[in-house]
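Here is a friendly note to read alongside the model. Please keep the 3D view open as you go through the points.

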Amino acid sequence: MKPWNKVQKKTRCVIYNSPTALDTQGEWYFNAQSETLFYIPKAGENINNLDVIIPTINQIIKIDGQKIALISNLSFQNIGFECTSHLTPDEGEGPEQAAAHIESAIEANYAKDLSFINCKVSLTGGYGITLGEQCENCIIQQCLLTELGAGGIKIGTGNKSKDLNVTNNNIIDNNIIRHLGKHIPSGVGILVLNARDNKITHNDISDLYYTGISLGWTWGFNDNDKYNVAVNNEVSFNRIYNIGQRVLSDLAGIYTLGESAGTVISNNVIFNIRCADYGGCGIYADEGSSHLVIKNNLVYNCSSCTFQQNYGRDNLITNNIFAYGGDYQLHLVRTDSGLSFTFRNNIVLYSTGRTLSGSLSWIEKNKFMMNYNLYWNENGKLDLADKDFNTWRTFQDYNSVETNPLFIDPMNGNFNFLSETAARKVGFIPFDYSKAGIYNRDRQLQTE
């Protein structure tokens with residue numbers, strides 16, 4: 001076990017396949033040596049009429065080209081891929097972040113112009129689909145990925161390279177990705193490792209235990225010969241909800257790592273983020289996250305906070321609605337050299353917790369810029385880094401206001417305005433958050 005994942009008093013665990021625990025209807029035990037399955041039928045079940053599937057492979061399709069000869073122009077349409085296994089290796093398997101090295105039922109490397117259209121991937125031991133080493137111009141669209149052992153889709157690999165031919169220009173669009181982490185709970189809905197120029201749009205991601213969308217695989221800045229290729233990625237119009245479910249901690253609807261020039265996170269709707277102990281965030285810009293544009297997102301109902309930044313540089317957070325963050329609304333873990341972020345034209349609404357977490361980082365005046373924001377505490381006065389609003393405005397948020405944004409019914413998820421007057425005072429431009437998630441629902445997923 002790694003030092004950040006110690007086995008201790010509060011560690012959660014699950015024990016599989018113990019014959020002495022076979023004592024309840026619906027439970028099973030498989031003896032691999034005798035290849036015998038023991039099962040206690042549920043009430044009303046006839047064991048002679050049951051179909052039993054025991055997966056024996058961990059991958060269904062593997063596409064492997066070569067760096068000098070990419071496999072190209074393969075299309076998979078209207079196909080269901082089901083039932084793969086994942087066996088814990090003899091040496092054990094630590095709880096790795098994002099389950100990044102877990103295999104997928106479908107994997108491609110050194111490939112271009114692949115497409116998966118209106119397919120279903122389900123009942124896997126690991127991830128659903130991986131576009132791995134040097135995959136270019138591939139499309140995963142209008143697919144259903146459900147009941148997966150780890151996460152949904154992986155793009156890129158953990159390898160760092162200055163080679164321009166990293167995985168790039170792929171489209172993940174209009175998919176439903178749900179019911180994940182059934183065996184390995186740290187799986188992610190869509191995991192972008194070291195890959196660039198990808199578009200992740202209009203996906204519906206729900207019911208998992210770690211993070212909805214994760215971007216980047218470099219901890220810290222590009223100093224000391226580090227190189228981050230997770231740049232120019234677009235994450236927009238996704239609907240991400242019921243994440244964490246109080247099983248894991250330090251998670252988010254959208255999570256980022258490292259310097260990510262050109263990356264835009266916009267027009268997403270993120271809600272119902274719940275951690276086990278700490279770090280249940282809507283949007284989480286973690287170690288070294290830099291040069292991000294985060295705009296026009298609706299984030300609400302998070303157990304810890306709606307926005308959190310660990311150290312990073314030059315991020316722009318603008319024209320977002322952050323509501324009902326739980327413990328606090330905005331969390332700044334620590335700053336670094338330079339400007340950490342600019343926070344402007346946002347609406348921050350809450351009824352419990354604090355506006356800002358802690359006070360140490362927030363008093364570093366030149367490390368961040370906040371202005372033209374609207375704040376409203378439904379149950380009292382604002383608390384900004386242990387200061388009242390007027391004192392706070394002497395060194396930040398000079399033109400910000402403390403007033404009710406006048407949403408129709410925010411407690412029940414209706415963030416349309418009764419009146420836009422207050423929002424317009426801080427330069428907030430209303431956006432149509434109903435466009436987030438899948439489109440053409442009546443034609444979506446024939447396989448469903």
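**Notes on charges and fold**

1. Let us start with one residue: Glu420 has a relative accessible area of 33%, so Glu420 is partly exposed (buried means under 20% relative accessible area, exposed over 50%, partly exposed in between, with a 1.4 Å probe and protein chains only). Its partner in a salt bridge is Arg424, with the closest N and O atoms 3.0 Å apart; a salt bridge here is a side-chain nitrogen of Lys or Arg within 4 Å of a carboxyl oxygen of Asp or Glu. Arg424 is partly exposed too, at 47% relative accessibility.

2. A word on where this comes from. This is a predicted model, in which local features need pLDDT of at least 70 and side-chain atom pairs count only at pLDDT 80 or more, while totals for chains, interfaces and linings use all residues. Residues are numbered from 1 along each chain as its sequence is written, and side-chain values use heavy atoms, leaving out hydrogens and water.

3. Which residue forms a salt bridge with Arg354? It is Asp386, and the closest N and O atoms are 2.5 Å apart. The two residues are 32 apart and link distant parts of the chain: Arg354 belongs to strand β38 (residues 354-356), whereas Asp386 sits in the loop between β40 (374-377) and α1 (389-392). Asp386 counts as exposed at 51% relative accessibility, and Arg354 as partly exposed at 30%.

4. Lys62 and Asp64 also meet in a salt bridge, at 3.9 Å from N to O. Lys62 is partly exposed at 48% relative accessibility, and Asp64 is partly exposed at 43%.

5. How many salt bridges are there by this rule? The count is eleven. Why can such pairs form? Side chains of opposite charge can pair when their charged atoms come close.

6. Now step back to the whole protein chain, which has two helices and 43 strands (helices are DSSP runs of H or I of at least four residues, strands runs of E of at least two, numbered from the N terminus). The radius of gyration is 23 Å, close to the 22 Å that the globule rule gives for 448 residues, so the chain is as compact as a globular protein of that length. That radius is taken over C-alpha atoms, and the rule is 2.2 Å times the number of residues to the power 0.38.

7. Along its principal axes, the C-alpha trace spans about 75 × 55 × 50 Å. Buried residues account for 52% of the 448 residues.
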